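Student: Before we go through the labels, could you tie each one to the rule behind it, so that I can judge every call for myself?

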Amino acid sequence: MISTSDFRKGRKLKLDGDLWEIVDFQNARTAQRRAKVTTKLRNLRTGQVLEKMFASGESFEEPEFEQRSMQYMYTDGEKWHFMANDTFEQIGLTAEQLEGYAEFLMENHDYKILFFEGAPLSVDLPTAVVLEVTDAEPAVKGDTVSNLTKGATLETGLEVKVPAFIKVGDKVKVDTRTKEYIERVAN
C-alpha cells in the first residue's frame, strides 16, 4: 500500500480501478484542520490529467507492473516503436502514453517499458539523461562572469536553457522530470 507520505513525482498508484501517475503534488495544512495533499495525476491508459485532493495519511493500492527492456527504433509521427531484444516483439506507444518523455528518446537505445496486465503503458525513464548539444546560441563576450543562460538544442530536438559556456558538441545532463539542465558531462 502507498500512503500520501510516500507521494513523489513519477510515483504510480491504483485509484478507482485505474492506473495513475503523480505529475505534481503539494502538502497543505490549514489551522485546526487535517493536512491535505493536492495532487495532479495523469491516467496511464488515456493520458487524462486530473487534479485531486486527498486527506493526509490516506492509503492506496500499489499496482504490479512488469518492466521489459526494449530498444527504441523509430517514430512514424503517430507512434513510437520499440522492439524486445530477445523475442523481437514490437510495440508502439502513443504520444499520450509517452507524455513529455518522447523528447528524451534516442534511436537504438534501450529503455524500460512498463506493462500492466500484458498491455504496454509507458516508458520508465531514469531521472537524468546525458544528451549532446547540436545547436547553441553564441555566448556574448563579457557575459561569462554572471550566471546567464542561453538556449540550446539537444540531439533529440529538446530545447533547454544552459549556461553561457556550453557549446555545440558538449554533452549535458538533463533532468527528465523538469527538462532542466543539471551539469556538463566530460566527453
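Tutor: Helices (H or I, at least four residues) and strands (E, at least two) are DSSP runs, and they are numbered from the N terminus. The model is predicted, so local features need a pLDDT of at least 70 and side-chain atom pairs count only at pLDDT 80 or more, whereas totals for chains, interfaces and linings use all residues. Residues are numbered from 1 along each chain as its sequence is written, and side-chain values use heavy atoms, with hydrogens and water left out.

Student: In which element is A119 placed, and is A119 called buried, partly exposed or exposed?

Tutor: A119 belongs to strand β11. Buried means under 20% relative accessible area, exposed means over 50%, and partly exposed is in between (1.4 Å probe, protein chains only); A119 has 32%, so partly exposed is the right call. A119 and I91 are 28 residues apart in sequence, yet their C-alpha atoms are 9.6 Å apart in space.

Student: How is K40 classed on that scale, and where is K40 found?

Tutor: K40 is a residue of strand β4, and its relative accessible area of 35% makes it partly exposed. From K40 to K9 the separation is 31 residues in sequence and 9.5 Å in space, C-alpha to C-alpha.

Student: What makes β4 and β5 a pair?

Tutor: Two strands pair if DSSP finds at least two bridges between them, and β4 (residues 36–43) and β5 (residues 49–55) have seven, in the antiparallel sense. One of the bridges places V37 opposite F54 of β5. The hairpin of these strands has five residues between them, and G47 takes a positive phi there, near 85°.

Student: Which residues other than glycine have a positive phi, and are they buried or exposed?

Tutor: F88 is one of them, with phi near 65°, and N108 is another, with phi near 65°. F88 sits in the loop between β8 (79–84) and β9 (90–94), and N108 in the loop between α1 (95–98) and β10 (110–116). F88 is exposed because its relative accessible area is 57%, and N108 is exposed because its value is 56%.

Student: Why are β9 and β11 described as standing at the edges?

Tutor: They belong to an open sheet of five strands in the order β9-β8-β7-β10-β11, paired in the antiparallel sense. Both β9 and β11 have a single partner strand, so one side of each is left without a neighbour in the sheet. The twist from one strand to the next averages 45°, where axes are lines fitted to C-alpha atoms (for helices over the stretch in contact) and angles run from 0 to 180 degrees between N-to-C directions. Within this sheet, six bridges join β7 (residues 66–75) to β10 in an antiparallel run, and M70 has Y111 of β10 as its bridge partner.

Student: Which strands stand at the edges of the open sheet that contains β14 and β16?

Tutor: That sheet has five strands in the order β14-β13-β12-β15-β16, with antiparallel pairing. The edges are β14 (159–163) and β16 (180–185), because each has a single partner strand and therefore one side without a neighbour in the sheet. Neighbouring strands are turned by 55° against each other on average, direction ignored. Five bridges join β15 (residues 171–175) to β16, and K171 is partnered by V185 of β16.

Student: What makes a set of residues a nonpolar core, and which residues of the largest one touch the most other members?

Tutor: A nonpolar core is a set of buried Ala, Val, Leu, Ile, Met, Phe, Trp, Tyr and Cys residues joined through side-chain atoms within 4.5 Å. The largest has 30 residues, and F82, L105, Y111, I113, V123 and L154 touch the most other members. The elements that give two or more residues to this core include β7, β10 and β13 (149–154), while β12 gives the largest share, four residues.

Student: How many residues of each class does the lining of the largest pocket have?

Tutor: Ala, Val, Leu, Ile, Met, Phe, Trp, Tyr, Cys and Pro count as nonpolar, Asp, Glu, Lys and Arg as charged, and the others, Gly among them, as polar. By that rule the lining has ten nonpolar, six polar and twelve charged residues. Strands β3 (18–28), β4 and β11 (119–124) each supply at least two lining residues, and β3 gives the largest share, three residues.
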